[in-house]
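Hi everyone, thanks for making time this morning. I'd like to walk you through one model, so please have a look at it while I talk.

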Amino acid sequence: MSIDAVPARSVDYNRVFAQAIDRLHEEGRYRVFIDILRNKGQFPNARCFAGHNGPKPITVWCSNDYLAMGQHPSVIAAMEEALHDVGAGSGGTRNIGGNTHYHIDLETELADLHGKEAALLFTSGYVSNEATLSTIARILPGCIIFSDELNHASMIAGIRHSGCEKRVFRHNDLAHLEELLAAEDPSVPKLIAFESVYSMDGDVAPIHAICDLADKYNALTYLDEVHAVGMYGARGGGISERDDAASRLTIVEGTLGKAFGVMGGYIAADRTVIDVIRSYAPGFIFTTSLSPVLVAGALASVRHLKASTAEREGQQAAAAMLKTLFADAGLPVMDTTTHIVPLMVGDPVKAKRISDILLREYGVYVQPINYPTVPRGTERLRFTPGPAHDTVMMQELTAALVEIWGRLELKKAA
């Protein structure tokens with residue numbers, strides 16, 4: 001070593017990690033995951049284990065199992081039958097372990113649900129977005145993706161991993177989207193990526209108008225329907241089915257972990273597109289496929305919701321009632337046209353405190369939504385009433401929130 005050399009100072013890794021966590025606490029963004037068990041067949045009733053001598057009964061108000069299909073007898077029976085028929089696991093990737101027949105049946109049902117030629121299953125909605133968007137953009141030389149500014153993190157990750165150029169358009173702003181499309185070379189491949197229902201604000205994309213722009217500028221379309229499948233349309237095909245727009249979309253992406261109540265993600269498109277993603281996407285090729293037990297449950301759920309509208313109707317009625325109760329009580333409920341019922345707080349610390357009081361004193365569980373899920377200053381509580389949330393539950397919830405709003409001297413609606 002040179003006499004002038006200064007020995008390198010070692011990195012205090014623990015200090016760096018601790019500081020990262022401290023920053024989250026200081027900003028009120030540290031996430032606490034509740035310790036919970038749902039009561040089979042009694043949703044939204046559950047048991048909370050955190051901070052109690054024994055399990056405390058609670059009511060869940062923020063589940064993405066919107067229709068309680070994770071508790072449905074036909075879903076549970078199908079999963080039990082599959083477990084005893086073929087066992088627990090899939091045996092590996094589909095390339096190695098083969099296509100479990102349940103997967104084939106479910107992909108056929110999902111293709112039919114969206115009026116497409118084929119479908120492809122993934123282990124989650126996140127993976128289906130990331131894998132598909134990153135792959136399809138790599139396959140198209142020079143592709144530019146036009147992305148709504150409120151697209152989900154999984155879509156953003158897929159676009160980033162594709163390595164392609166991107167243009168971000170203002171949320172649901174058709175004029176801005178057209179301005180960006182018109183500025184590009186007509187010969188360049190283009191893909192417009194957007195969602196149908198934006199789950200934090202509860203608003204809906206103008207699907208036909210976006211498809212009109214796609215036709216005008218020769219762009220492909222990619223629609224994320226994760227918060228809409230099972231929820232809208234005569235058979236649960238989402239907003240694109242409700243608005244008779246599915247045939248205009250290149251790719252429809254959905255999840256099996258929300259309204260369908262189980263787990264997994266998927267895309268539906270024509271056979272060639274599906275074959276490209278199946279053949280080129282690392283997120284599909286190198287991942288162990290979903291357990292046939294999960295696929296059997298999802299298959300039963302999709303088939304049930306294709307035939308039954310009772311769950312959708314019950315959920316929409318509950319959402320409408322809760323919005324009315326909140327508004328009548330002067331609570332700052334955000335105006336939405338969907339099943340999402342957001343209550344604006346505007347401060348991460350206060351949102352967390354409201355959530356803590358609700359759980360501790362009222363046995364009500366709703367998770368605060370903070371940055372980066374929503375922009376700073378728009379922190380909120382996000383309620384997702386389902387068909388099993390009755391009038392008394394909603395009235396008690398409203399009364400509890402009114403009391404807390406007064407206790408904390410929070411601003412009410414104008």
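I'll begin with the whole chain, then turn to salt bridges, backbone geometry and a couple of spots on the surface.

One thing to keep in mind throughout: this is a predicted model. The chain has 414 residues, and 51% of them count as buried. Its secondary structure comes to 15 helices and 16 strands. The radius of gyration is 23 Å, close to the 22 Å that the globule rule gives for 414 residues, so the chain is as compact as a globular protein of that length. If you draw a box along the principal axes, the C-alpha atoms fill roughly 80 × 60 × 50 Å.

How do the contacts spread along the sequence? Take those between residues at least 6 apart: 71% of them join residues at least 24 apart. As for the outside, the chain exposes about 19,000 Å², and carbon and sulfur atoms supply 54% of that area.

Now to the salt bridges. How many does the structure hold? There are 23, and I've picked three to look at together.

Let's start with Asp112 and Lys306, whose closest N and O atoms are 2.8 Å apart. Asp112 lies in helix H4, residues 101–113, and Lys306 in helix H12, residues 292–307, so this pair ties together parts that are 194 residues apart in sequence. Is each partner buried or exposed? Asp112 is partly exposed, at 40% relative accessible area, while Lys306 is buried, at 13%. These two also belong to a network of salt bridges that links Glu109, Asp112, Arg235, Glu241, Arg303 and Lys306.

My second pick is Glu184 with Arg167, where the closest N and O atoms are again 2.8 Å apart. Glu184 sits in the loop between helix H7 (174–182) and strand E7 (190–195), and Arg167 is in strand E6 (165–169), so parts that are 17 residues apart in sequence are tied together here. These two fall on either side of the 20% cut-off for buried. Glu184 has a relative accessibility of 17% and counts as buried, whereas Arg167, at 21%, counts as partly exposed.

The third is Arg407 with Glu361, and here the closest N and O atoms are 2.7 Å apart. This pair links distant parts of the chain, with Arg407 in helix H15 (391–407) and Glu361 in helix H14 (348–362), 46 residues apart. Arg407 is partly exposed at 37% relative accessibility, and Glu361 is partly exposed at 41%.

On to the backbone. Most residues other than glycine have a negative phi, and most peptide bonds are trans. With that in mind, which residues should you click on here? Phe43 and Pro44 are joined by a cis peptide bond, with omega about 20°. You'll find Pro44 in the loop between strand E1 (36–38) and strand E2 (45–48). Another cis bond runs from Tyr371 to Pro372, with omega near 10°. Pro372 is in the loop between strand E15 (368–369) and strand E16 (380–383).

For positive phi, have a look at Asn172, which has a value near 55°. Asn172 is in the loop between E6 and H7, and its relative accessible area of 21% makes it partly exposed. Asp244 also has a positive phi near 55°. Its place is the loop between helix H9 (239–242) and strand E11 (251–255), and at 63% relative accessibility Asp244 counts as exposed.

Let me finish with the start of the chain and one loop. Helix H1 has 14 residues and reaches 20 Å from its first C-alpha to its last, close to the 20 Å expected at 1.5 Å a residue. Just after H1, Gly28 takes a positive phi of about 75°. In the segment before H1 we have Val11, which is partly exposed at 49% relative accessible area. Val11 joins Tyr13, Val16 and Phe17 in a nonpolar surface patch of about 430 Å².

The loop residue is Glu117, between H4 and strand E4 (118–122), partly exposed with a relative accessible area of 45%. What does Glu117 touch, not counting residues up to four places away in sequence? The answer is Ala111, Ala269, Asp270 and Arg271. Leu408, by contrast, is 291 residues from Glu117 in sequence and 55 Å away in space, C-alpha to C-alpha.

That's my tour, and I'm happy to take questions.

Technical notes. Residues are numbered from 1 along each chain as its sequence is written. This is a predicted model: local features need pLDDT of at least 70, side-chain atom pairs count only at pLDDT 80 or more; totals for chains, interfaces and linings use all residues. Side-chain values use heavy atoms; hydrogens and water are left out. Patches are made of residues with over 30% relative accessible area and no salt bridge: like charges are joined within 9 Å, nonpolar side chains (Val, Leu, Ile, Met, Phe, Trp, Tyr) within 5 Å. Accessible areas come from the Shrake-Rupley method with a 1.4 Å probe; for residues, only the protein chains shown count as cover. A salt bridge is a side-chain nitrogen of Lys or Arg within 4 Å of a carboxyl oxygen of Asp or Glu. Helices (H or I, at least four residues) and strands (E, at least two) are DSSP runs, numbered from the N terminus. Buried means under 20% relative accessible area, exposed over 50%, partly exposed in between (1.4 Å probe, protein chains only). The radius of gyration is taken over C-alpha atoms; the globule rule is 2.2 Å times the number of residues to the power 0.38. Contact means heavy atoms within 4.5 Å. The expected span of a helix is 1.5 Å times one less than its number of residues.
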